[in-house]
Amino acid sequence: MYTIRVWDLPLRLFHWFLALFIVTSIVTGLVGGNAMQYHYWSGYAILALLVFRLLWGFVGGHHARFVNFVRHPRTIIAYVRGQLTDPAHGVGHNPLGSLSVLALLLAAAMQVGSGLFANDQIFNAGPLANDVSDRTSAILTFYHTTIGQPLIYGLVGLHVAAILYYAVVRRKNLVAAMITGDKLVEVPVPATRDTALMRLLAAVLLTLGVALAWWVSSLGAVGGY
């Protein structure tokens with residue numbers, strides 16, 4: 001057995017902060033009223049994190065890069081059928097897990113994106129709501145509140161269910177690996193670079209994400225989603 005660094009610190013922080021802000025967005029959106037201000041802020045925070053994750057998917061650690069965990073549909077089907085026996089497939093995101101991660105990232109991006117153009121016609125409007133027609137804003141508002149919201153619930157629930165399944169049935173603690181960054185693996189595989197230089201690069205990329213989110217928020221009419 002080998003202990004290797006799988007998840008670099010920037011990716012781990014991204015994971016936990018994304019979870020925090022998604023929960024914050026869900027709770028504040030349900031509460032409404034004055035809590036909507038926090039809903040806006042958490043949405044902008046998610047936007048900044050997603051920009052970082054997109055960039056980190058190209059220049060980040062080995063197991064964080066899209067090229068190293070995005071699988072072909074045939075590979076995913078083979079994994080589900082139990083036809084992949086190489087232990088290396090489960091070191092980072094396994095083929096099915098990679099699909100779940102991509103779905104959650106895409107759903108979060110669509111939720112934030114639609115919120116930027118949404119308008120409840122009463123108190124709350126996304127920062128870009130006035131830049132599109134009323135019909136387009138209404139469609140995106142419908143998606144944000146009626147389609148995207150339950151979709152996020154379902155994907156988050158699926159994510160939690162998968163963690164519980166691995167903990168109870170497979171006896172694998174995925175949460176611990178996302179805290180420490182290390183995994184005990186059966187085969188030697190490339191470890192993720194988690195150096196000070198990589199962390200500095202991550203800080204620069206996150207700063208770009210924050211700058212973009214701040215700029216978008218400054219365009220707004222009445223708050224934002």
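Helix 2 and helix 5 cross with left-handed geometry. This is a predicted model. The briefing covers that crossing, two further helix pairs and one pocket. The pocket, the second largest, has a volume of about 310 Å³.

**Helix 2 with helix 5**

- The two axes, of helix 2 and helix 5, come within 10 Å and cross at roughly 135°.
- That angle makes helix 2 oblique to helix 5, because it is neither over 145 degrees nor in the range 65 to 115.
- On the helix 2 side, the contact uses Gly43, Tyr44, Ile46, Leu47, Leu50 and Arg53.
- Helix 5 answers with Leu105, Ala108, Ala109, Val112 and Leu116.
- By class, this contact of helix 2 with helix 5 holds 9 nonpolar, 1 polar and 1 charged residues.

**Helix 5 with helix 6**

- Helix 5 packs on helix 6 at an angle of about 155°, and their axes lie 9 Å apart.
- Helix 5 is therefore roughly antiparallel to helix 6.
- The crossing of helix 5 and helix 6 is left-handed.
- Helix 5 contributes residues including Ser100, Ala103, Leu104, Ala107, Ala108 and Gln111.
- From helix 6 come, among them, Ser137, Leu140, Tyr143, His144, Gly148 and Gln149.
- The class count for helix 5 with helix 6 is 12 nonpolar, 9 polar and no charged residues.

**Helix 1 with helix 6**

- The axes of helix 1 and helix 6 come within 12 Å, crossing at roughly 140°.
- That crossing angle makes helix 1 oblique to helix 6.
- Helix 1 and helix 6 form a left-handed crossing.
- His15, Ile22, Ile26 and Leu30 of helix 1 touch Gln149, Ile152, Tyr153, Val156 and His159 of helix 6.
- In the contact of helix 1 with helix 6 there are 6 nonpolar, 3 polar and no charged residues.

**The second largest pocket**

- The volume of the second largest pocket is about 310 Å³.
- Its lining has 18 residues, and those closest to the centre are Ser25, Ile26, His39, Gln111 and His144.
- Helix 1 (9-31), helix 2 (36-59), helix 5 (95-117) and helix 6 (134-168) are the elements that each give two or more residues to this lining.
- The lining of the second largest pocket splits into 10 nonpolar, 8 polar and no charged residues.

**Residues in two roles**

- Ile26 is among the residues closest to the pocket centre, and Ile26 also takes part in the contact of helix 1 with helix 6.
- Gln111 and His144 are likewise among those closest to the pocket centre, and both belong to the contact of helix 5 with helix 6.
- Ala108 of helix 5 meets helix 2, and Ala108 is also in the contact with helix 6.

Technical notes: Residues are numbered from 1 along each chain as its sequence is written. This is a predicted model: local features need pLDDT of at least 70, side-chain atom pairs count only at pLDDT 80 or more; totals for chains, interfaces and linings use all residues. Side-chain values use heavy atoms; hydrogens and water are left out. On a 1 Å grid over the protein atoms alone, a cavity is a set of points where a 1.4 Å probe fits but cannot get out, and a pocket is an open set with protein on both sides within 12 Å along at least five of seven lines; lining residues have an atom within 4 Å of a point. Grid points are joined across faces, edges and corners, and a volume is the space filled by probe spheres set on the points. Helices (H or I, at least four residues) and strands (E, at least two) are DSSP runs, numbered from the N terminus. Ala, Val, Leu, Ile, Met, Phe, Trp, Tyr, Cys and Pro count as nonpolar, Asp, Glu, Lys and Arg as charged, and the others, Gly among them, as polar. Axes are lines fitted to C-alpha atoms, for helices over the stretch in contact, and angles run from 0 to 180 degrees between N-to-C directions. Angles under 35 degrees count as roughly parallel, over 145 as roughly antiparallel, 65 to 115 as roughly perpendicular and the rest as oblique. A crossing is left-handed if the near helix is turned anticlockwise from the far one by less than a right angle, and right-handed if clockwise. Contact means heavy atoms within 4.5 Å.
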